[in-house]
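I set out to keep a short notebook on a structure opened for inspection. The entries follow the order in which I looked things up.

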Number of protein chains: 2
Amino acid sequence: MIQTSLPSSIDRRLFLRQLSVGAIGLIGVSSRCGSSLAADASRLLVHSKAPMNAEPPLTDLVKSWVTPVESFFIRSHGNTPEINADSFHLSVEGLVERPLTLTLAELGRFEQHAVTATLTCAGNRRSEHSRLKAVKGVQWREGAIGNAKWRGARLSDLLKKAGLRDSAKHVWFEGLDTVEDGGKSFSFGGSIPLEKALLDRENNPGAILATTMNDKPLTADHGFPVRTVVPGYIGARSVKWLSKIVVSDRPSPNHFVADVYKLVDEGTLLEVAENGPIYRMPLNSAICTPTTGTALKADRVEVVGYALPPGVPGVSIRKVEVSGDSGRSWTEAKLTSPASEFCWQLWSAEIAATSATKELIVRATDSRGDMQPESVRWNAKGYLFNAWHHVPVN
Amino acid sequence: MIQTSLPSSIDRRLFLRQLSVGAIGLIGVSSRCGSSLAADASRLLVHSKAPMNAEPPLTDLVKSWVTPVESFFIRSHGNTPEINADSFHLSVEGLVERPLTLTLAELGRFEQHAVTATLTCAGNRRSEHSRLKAVKGVQWREGAIGNAKWRGARLSDLLKKAGLRDSAKHVWFEGLDTVEDGGKSFSFGGSIPLEKALLDRENNPGAILATTMNDKPLTADHGFPVRTVVPGYIGARSVKWLSKIVVSDRPSPNHFVADVYKLVDEGTLLEVAENGPIYRMPLNSAICTPTTGTALKADRVEVVGYALPPGVPGVSIRKVEVSGDSGRSWTEAKLTSPASEFCWQLWSAEIAATSATKELIVRATDSRGDMQPESVRWNAKGYLFNAWHHVPVN
């Protein structure tokens with residue numbers, strides 16, 4: 001299935017190069033709580049095993065609006081910790097009146113809230129940046145995105161219980177994994193502004209501390225026993241294996257807030273210093289079927305894919321358009337899932353194809369009228385690639 | 001002269017409305033050290049007197065590459081302090097080994113460095129945002145920009161003398177003015193990343209502590225006796241009436257860093273919390289002559305204006321193009337001043353005009369190949385307007 005999705009010469013070369021250095025492979029992986037790998041039924045495209053980074057084939061991705069756990073991309077920066085749920089504790093500290101230390105059972109006694117939200121790696125589609133000029137990091141295709149139903153306590157409820165001090169402005173998250181970088185060992189960390197943490201828009205919390213994913217306990221790959229889920233923000237802010245919440249007057253100094261997830265042109269230290277952390281994902285879309293290199297047999301072709309709203313409260317996808325003639329004409333797609341501010345929008349379109357159809361193109365427009373850009377400038381870390389998505393076909 | 005630059009109906013209405021509320025006026029103002037107003041010879045368009053905010057007519061702006069002091073825009077947020085140079089002290093404190101307190105004479109004993117740099121208000125061209133939807137704040141036209149020769153000690157030399165601690169990451173500046181806002185009184189403040197402060201690219205310092213402007217002592221309006229000048233950054237980071245430099249591990253908490261100079265869509269507190277301070281000015285250009293509403297008499301028209309590079313080290317203006325036929329064809333302008341990374345680029349073009357010429361348009365391209373955007377989205381604070389500049393003519 002992966003092979004049939006990679007017949008273009010560019011993709012095939014990339015695929016073979018990655019295979020040859022052992023950085024990519026196809027696996028059927030086993031799953032249990034505490035396992036570092038995902039469900040049996042899945043076949044994921046594994047970019048690296050340690051840390052574990054994998055994405056589903058695109059055709060699997062759009063089979064359902066809610067992504068099955070076994071088809072959900074896995075993004076890790078360090079090891080996949082095996083955590084004993086019985087001895088687990090989550091602490092809430094920093095600029096609070098009453099620091100908390102909670103067991104899983106105590107966390108379960110907070111009101112539980114379910115939220116369906118799409119998570120995306122900020123580096124989704126990085127491989128398209130790399131076609132312009134090589135970018136370091138996991139060479140994600142279009143599959144580092146998934147939509148799931150998460151359930152857990154509202155972050156705001158924990159913060160209210162702990163009591164915020166006046167100087168509180170940001171909320172830090174720290175995981176139980178161990179990242180090795182630059183000769184140091186530390187945990188992965190994220191941070192969000194306090195106002196996002198306290199958001200409760202139409203009962204849609206700014207963040208929850210999820211213990212289930214699609215109504216089952218989180219797997220180890222997805223952060224068992226507890227992870228943060230921050231709808232609308234890059235996946236990196238939804239910290240897995242969460243062990244510590246710190247309320248502060250500033251963003252977290254963790255490497256992954258202070259240095260890594262920033263948009264920089266060339267990657268100079270100055271740029272990193274002066275640019276703020278990335279929070280939101282931009283408007284995006286991708287064609288999932290037909291896959292690259294498919295030979296179109298009929299003159300009417302069904303095109304299916306996803307579109308992602310820009311992570312702004314109240315803004316959803318208004319329109320998705322597909323072109324089979326290099327952008328000269330556009331067919332408006334049918335939106336096949338609920339409109340939502342923090343979930344992806346699945347869509348399908350039937351377009352006319354001729355022998356001149358060499359590629360399919362998609363572009364999305366949000367409810368403010370903003371359209372996805374036709375092209376984006378290369379950036380040194382390969383983040384937020386959201387140009388119109390092109391799929392070469394035969 | 002101002003009147004002839006404002007004959008279009010939109011501009012005339014705006015002009016009359018502002019006159020009627022007393023917010024704008026034409027003055028010939030007197031100048032001396034300690035005065036709150038600029039030189040006699042100048043006729044500035046004054047948006048407000050307390051605080052003092054004024055900009056030159058566009059035709060005056062492009063008479064020379066270095067802008068005379070009397071034609072240089074004045075941007076203030078509070079009073080214009082009258083400072084006794086004899087008792088003045090500048091302190092350097094925070095995360096340093098040896099805090100400093102320097103008199104003007106002591107500041108003069110540091111090696112003096114001259115740098116020609118363009119300063120621009122982040123709200124330059126805000127009035128164009130307001131045509132889309134009203135934005136609060138000074139309704140700047142295209143004149144809140146000027147290029148001057150500044151001279152003073154390098155900020156980096158002061159920091160080296162004070163000795164930086166390992167945790168140093170940002171440098172704060174604080175003025176001697178008093179800003180009244182939200183029932184509080186405080187000084188204007190700015191902040192830049194340490195690496196910008198330490199930059200010394202081809203002997204071009206990241207920031208200097210200027211005591212002269214165009215080889216004369218600063219006037220009170222421009223920050224006498226000392227102001228910061230940070231080439232490439234918005235004017236707000238070049239703090240006037242500088243009295244205190246604080247080295248810190250984070251950006252300044254001053255209202256003008258933490259809240260004001262941020263790019264936000266709607267201006268919600270959440271957006272302000274999650275967005276970082278603006279540092280750089282984006283690529284921009286404007287037509288200065290002919291002015292709005294000019295009756296074109298010849299079929300060859302000379303068009304003159306400025307273009308501003310994007311404040312990125314090493315990036316200058318590559319190309320400026322002018323159109324007299326609504327963007328169907330473009331004439332490349334002659335660049336009439338030195339190419340520079342942190343100074344504006346003056347240009348002139350001779351274009352064919354016909355009876356169908358209803359407007360002139362300019363757009364600039366930088367040395368990376370990035371072009372100024374055709375349109376920009378409205379933002380709640382009216383910052384960084386840099387769409388193609390249109391001038392209606394008859």
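The entries below concern confidence, chain content, symmetry, aromatic contacts and backbone details.

**Entry 1. Confidence**

I noted at the outset that this is a predicted model. For chain A, I read an average pLDDT of 89, with 89% of the residues scoring at least 70. I then looked for the weak part of chain A and found that pLDDT stays under 50 over residues 1-36. The model has 76 contacts beyond four places in sequence for residues 1-36 of chain A. Where pLDDT is low, the predicted coordinates should not be read in detail. I therefore leave the contacts of residues 1-36 of chain A without further reading.

**Entry 2. Content of chain A**

I counted eight helices and 25 strands in chain A. Of the 394 residues in chain A, 59% are buried. I looked up the accessible surface of chain A, which comes to about 15,600 Å²; carbon and sulfur atoms account for 51% of that surface. Taking the contacts in chain A between residues at least 6 apart in sequence, I found that 70% join residues at least 24 apart.

**Entry 3. Relation of the two chains**

How is chain B superposed on chain A? I obtained a rotation of 180° with 0.0 Å of shift along its axis, at an RMSD of 0.0 Å. This is the relation of a two-fold axis. The same surface serves both copies, since 100% of the contact residues of chain B recur in chain A. I also asked which residue of chain B comes closest to the rotation axis. It is Gly276(B), whose C-alpha lies at 2.6 Å.

**Entry 4. Aromatic pairs**

Over all chains I recorded 19 aromatic pairs. One of them joins Tyr306(A) and Trp344(A), which are stacked at 5.5 Å centre to centre with 25° between the planes. This pair links distant parts of the chain, 38 residues apart: Tyr306(A) is in strand E19 (residues 300-308) of chain A, and Trp344(A) is in the loop between strand E22 (334-335) and strand E23 (345-352). I found both Tyr306(A) and Trp344(A) to be buried.

I next examined Tyr233(B) and Tyr279(B), a tilted pair with 5.5 Å centre to centre and 45° between the planes. This pair also links distant parts of its chain, 46 residues apart. Tyr233(B) is in the loop between strand E16 (227-229) and strand E17 (242-248) of chain B, and Tyr279(B) is in the loop between helix H8 (269-274) and strand E18 (284-289). Tyr233(B) and Tyr279(B) are buried.

I recorded one aromatic cluster formed by Phe186(B), Phe188(B), Phe256(B), Tyr261(B) and Tyr383(B).

**Entry 5. Charges over rings**

The charged end of Lys133(A) sits over the ring of Trp378(A), 4.3 Å from the ring centre. In chain B, I found Lys196(B) over the face of Phe342(B), at 4.5 Å from the ring centre.

**Entry 6. Helix H5 of chain B**

I checked how far helix H5 (residues 155-162) of chain B is covered, and six of its eight residues are buried. These are Leu155(B), Ser156(B), Asp157(B), Leu158(B), Leu159(B) and Ala162(B). Just after H5(B), Gly163(B) takes a positive phi of about 80°.

**Entry 7. The loop between E15 and E16 of chain B**

I located His222(B) in the loop between strand E15 (216-217) and E16 of chain B. Is His222(B) buried or exposed? Its relative accessible area is 2%, so His222(B) counts as buried. Beyond neighbours within four places in sequence, His222(B) is in contact with Val69(B), Phe72(B), Phe73(B), Ile74(B), Met213(B), Arg227(B) and Lys240(B).

Pro225(B) lies in the loop between E15 and E16 of chain B. The peptide bond from Phe224(B) to Pro225(B) is cis, with omega near 5°.

**Entry 8. Further backbone details**

I found a cis peptide bond between Thr289(B) and Pro290(B), with omega about -5°. Pro290(B) is in the loop between E18 and strand E19 (300-308) of chain B.

In chain A, I looked up two residues that have a positive phi and are not glycine. Arg125(A) has a phi of about 70° and lies in the loop between strand E6 (112-120) and helix H4 (126-132). Arg125(A) is buried, at 0% relative accessible area. Ser326(A) has a phi of about 60° and is in the loop between strand E20 (317-323) and strand E21 (331-332). Ser326(A) counts as partly exposed, at 46% relative accessibility.

Key. Residues are numbered from 1 along each chain as its sequence is written. Chains are lettered from A and ligands numbered from 1 in the order in which they are written. This is a predicted model: local features need pLDDT of at least 70, side-chain atom pairs count only at pLDDT 80 or more; totals for chains, interfaces and linings use all residues. Side-chain values use heavy atoms; hydrogens and water are left out. Rings of Phe, Tyr and Trp (its six-membered ring) pair if their centres lie within 6.5 Å; planes under 30 degrees apart count as stacked, over 60 as edge-to-face and the rest as tilted. Helices (H or I, at least four residues) and strands (E, at least two) are DSSP runs, numbered from the N terminus. Buried means under 20% relative accessible area, exposed over 50%, partly exposed in between (1.4 Å probe, protein chains only). A charge sits over a ring if NZ of Lys or CZ of Arg is within 6 Å of the ring centre and within 35 degrees of the ring normal. pLDDT is the predictor's confidence in each residue, from 0 to 100. Contact means heavy atoms within 4.5 Å. Copies are superposed by least squares on the C-alpha atoms of residues with pLDDT of at least 70 in both. Accessible areas come from the Shrake-Rupley method with a 1.4 Å probe; for residues, only the protein chains shown count as cover.
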